[in-house]
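Good morning, colleagues. Please turn to the sequence and the coordinates that I am about to show.

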Amino acid sequence: MNILAIESSCDDTAAAVVRNGRTVLSNCVSSQIEMHTIYGGVVPEIASRKHVEVISALTEQAVADAGLTKMELDAIAVTYAPGLIGAVLVGVNFAKGAALALDRPLIPVHHVRGHIAANYITHPDLEPPFVCLCVSGGTTAIVDVQSYTEMSILGSTRDDAAGECFDKVARVLGIGYPGGGPMDKLAQGGDDQKYVLPVAHVSGAELDLSFSGLKTASLNLIHNAQQKGEPLNLPDFAASFGRAVSDCLIPRVMSAAQRAGYGKIAVAGGVAANSRIRADLQSACGRSGDQLFLPELKYCGDNAAMIGCQGFYEFQAGRTAGWDLNAYATRDISLG
Ligand code: KG4
């Protein structure tokens, strides 16, 4: 089954063709980063307009790269939630048009379910159940993936997402947007014990997370140093920050995995590219005996291949949408 997948939930327009859920025939991404960089973050209206400009040509490209004709596509999958509402709407409406024109089923896909499915592309043998740490710019949650289409949240952030925290701190340091990648690079060789940063504990909810305290403490530390004219050692600070994020995430996902008892842990989302988090998870799983599944770096950030992959399993579970499919800015992952 060849699925054409469309993703436009934030600042990447993406189109891909995926065969039988696991084989990526093409994967095209058009990034808008340059356009949003001058504002230090994504401007929703600009994102929507740019999606409109490129989505048609990008989709043609994805079909051509797959070596198929449009009539060889069997279904259209699209991210319909969560995301920037105007941006998601562009993809949803385009996918509806394509499905109508080709007379093919339309499959709605939850963006975070797509991130989780990126692991199926990298690891052909991975099957649910497993516990997945989902960490991106908009989401930070520990998900119980009971089956390909049944999922529930075991713990989630009470405030900021981890990626958002990376981005805000990087912006104040003036090291670029989005900030996770540059912070990760900067941290290489830095002393992660140099700066003391808080790791939040949510009392009474051991699997929940919080990053707003870390963000505020980091921003205060940076501003204090600037006001006093004291130099901040950037590699040491980035390494200390990375350690604090990792120290918040890893014990909770390990504890969730122990409770679930599946023996399998996966990671998903843009922050899954972080070298410190990947290394710490590898060590923790080495100690616990859990099998660890990390997506390839190219499938960590937003892409449409992951949507085509998850779309296949949603279709198999009988989930298709009518022409009344709407876009949602927020939606619980358990609802699909
Ligand atoms: O999954 P994604 O592309 O978009 C969302 O669905 O949110 O994630 C983007 C986030 C950004 O916050 C970015 O700074 C972060 O992923 N990110 C990283 C790294 N690469 C990207 N964070 C930490 N370390 C990285 N290497």
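I shall speak about a sheet and its helices, then a buried serine, and then salt bridges.

Please keep in mind that this is a predicted model.

I begin with the sheet. Five strands make up an open sheet, and their order is β8-β7-β6-β9-β10. The pairing within this sheet is mixed. At the edges we find β8, residues 151-156, and β10, residues 291-293, each of which pairs on one side only. From one strand to the next, the twist averages 25°.

Within that order, let me select one pair. Strand β6 covers residues 130-135 and strand β7 covers residues 140-145; the two pair in the antiparallel sense, over 6 bridges. To give one register point, Phe130 has Val145 in β7 as its bridge partner.

Which helices accompany these strands? Helix α8, residues 234-260, lies across β6, β7, β8 and β9, the last of these being residues 264-268. The direction of α8 is at about 155° to β6. Helix α9, residues 275-288, also packs on the sheet, where it touches β6, β9 and β10. The angle between the directions of α9 and β10 is about 160°.

I turn now to a single residue, Ser218, which is located in helix α7, residues 212-228. Is Ser218 buried or exposed? Its relative accessible area is 0%, and the cut-off for buried is under 20%, so Ser218 counts as buried. What does its side chain reach? The side chain of Ser218 comes to 2.7 Å from the backbone oxygen of Leu214. If we leave aside neighbours within four places in sequence, Ser218 is in contact with Val169, Leu197, Phe237 and Phe241.

The remaining topic is charge pairing. How many salt bridges does a search of the whole structure find? The search finds 14. One of them joins Asp208 to Arg158, with the closest N and O atoms 2.7 Å apart. Asp208 belongs to the loop between α6 (180-187) and α7, while Arg158 belongs to the loop between β8 and α5 (162-173); the pair therefore ties together parts that are 50 residues apart in sequence. The two partners fall into separate accessibility classes: Asp208 is buried, at a relative accessible area of 14%, whereas Arg158 is exposed, at 52%.

Two further pairs lie within helices. In the salt bridge between Lys168 and Glu164, the closest N and O atoms are 3.7 Å apart. Both residues are in helix α5, and because they are 4 residues apart, about one helical turn separates them. Lys168 is partly exposed, at 30% relative accessibility, and Glu164 is partly exposed as well, at 26%.

The other pair is in helix α8, the helix that lies across β6, β7, β8 and β9. Here the side chains of Arg243 and Asp247 meet in a salt bridge, at 3.7 Å from N to O. Arg243 and Asp247 are 4 residues apart in α8, so they too are separated by about one helical turn. Asp247 counts as partly exposed, with 29% relative accessibility.

Finally, there is a group that goes beyond a pair: Arg113, Glu314 and Arg319 are linked in a network of salt bridges.

That concludes my presentation, and I thank you for your attention.

Technical notes: Residues are numbered from 1 along each chain as its sequence is written. This is a predicted model: local features need pLDDT of at least 70, side-chain atom pairs count only at pLDDT 80 or more; totals for chains, interfaces and linings use all residues. Side-chain values use heavy atoms; hydrogens and water are left out. Two strands pair if DSSP finds at least two bridges between them. Axes are lines fitted to C-alpha atoms, for helices over the stretch in contact, and angles run from 0 to 180 degrees between N-to-C directions. Contact means heavy atoms within 4.5 Å. Buried means under 20% relative accessible area, exposed over 50%, partly exposed in between (1.4 Å probe, protein chains only). A polar contact is a pair of N or O atoms within 3.5 Å; within protein, one must be able to donate a hydrogen and the other to accept it, and residues adjacent in sequence count only if both atoms are side-chain atoms. A salt bridge is a side-chain nitrogen of Lys or Arg within 4 Å of a carboxyl oxygen of Asp or Glu.
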